[in-house]
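Keep the sequence and the 3D view side by side. Work each exercise before reading its solution.

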Amino acid sequence: MTKKIAVIIPAFNEQETIADVVSEINALNTSANLHFDAIVVNDCSNDNTSIIAEKLDCIYLIFL
C-alpha cells in the first residue's frame, strides 16, 4: 500500500529557489511505498515565483 504525503511549500518571492525545492521533493518519489506531492502556496509574490511555479510538477495555489 502506497502512503501519500503532502508537502506544503509556502512561497513569497522565491523565484531563485522554488524550482530546486520542488525538484528535491519530487526526487523522493523513488520509494515503492511512499509518494510525495509538492503543494506550492504562493502568497502574492511580486517576483517571477508564479510564472516558475506554474510550470513545475506540483500542485500550485495562489492567493490574490
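The exercises below go from the fold to the cysteines, and the model is a predicted one.

**Exercise 1. Elements in order**

Task: Find how many helices and strands the chain has, and in what order they run.

Solution.
- Step 1. Count the elements: the chain has 2 helices and 3 strands.
- Step 2. Read from the N terminus on. The order is β-α-β-α-β.

**Exercise 2. From β1 to β2**

Task: Work out how strands β1 and β2 are joined, and which way they run.

Solution.
- Step 1. Locate the strands. β1 covers residues 3–11 and β2 covers residues 34–43.
- Step 2. Count the bridges. There are 9 between β1 and β2, and the two strands run parallel.
- Step 3. Pick a facing pair. A11 stands opposite N42 in β2.
- Step 4. Follow the chain between the strands. It leaves β1, passes through helix α1 (residues 18–27) and reaches β2; this β-α-β crossover is right-handed.

**Exercise 3. From β2 to β3**

Task: Repeat the analysis for β2 and β3, and give the handedness of their β-α-β unit.

Solution.
- Step 1. β3 spans residues 59–63.
- Step 2. β2 and β3 are parallel, with 5 bridges joining them.
- Step 3. Find the residue facing D43. F63 in β3 stands opposite.
- Step 4. Add the helix. β2, α2 (residues 49–54) and β3 form a right-handed β-α-β unit.

**Exercise 4. The chain as a whole**

Task: Describe the box, the surface, the burial and the contacts of the chain.

Solution.
- Step 1. Along the principal axes, the C-alpha atoms fill a box of roughly 40 × 20 × 15 Å.
- Step 2. The accessible surface is about 4,400 Å². Carbon and sulfur atoms account for 57% of that surface.
- Step 3. Of the 64 residues, 25% are buried.
- Step 4. Take contacts between residues at least 6 apart in sequence. Of these, 58% join residues at least 24 apart.

**Exercise 5. The cysteines**

Task: Explain why C58 forms no bond with C44, and decide whether C44 is buried, partly exposed or exposed.

Solution.
- Step 1. Recall the chemistry. A disulfide is a covalent bond between the sulfur atoms of two cysteines.
- Step 2. Search the whole structure. The result is 0 disulfides.
- Step 3. Check C44. Its nearest cysteine sulfur belongs to C58, 17 Å away.
- Step 4. Apply the cut-off. A disulfide needs the sulfur atoms within 2.5 Å. The sulfur of C58 is 17 Å from that of C44, its closest cysteine sulfur, so the gap is too far for a bond.
- Step 5. Classify C44. Partly exposed lies between 20% and 50% relative accessible area. C44 has 39% relative accessibility, so C44 counts as partly exposed.

Conventions
Residues are numbered from 1 along each chain as its sequence is written. This is a predicted model: local features need pLDDT of at least 70, side-chain atom pairs count only at pLDDT 80 or more; totals for chains, interfaces and linings use all residues. Side-chain values use heavy atoms; hydrogens and water are left out. Two strands pair if DSSP finds at least two bridges between them. Helices (H or I, at least four residues) and strands (E, at least two) are DSSP runs, numbered from the N terminus. A crossover is right-handed if, with the strands pointing away from the viewer, the path from the first strand over the helix to the second runs clockwise. Buried means under 20% relative accessible area, exposed over 50%, partly exposed in between (1.4 Å probe, protein chains only). Contact means heavy atoms within 4.5 Å. Accessible areas come from the Shrake-Rupley method with a 1.4 Å probe; for residues, only the protein chains shown count as cover.
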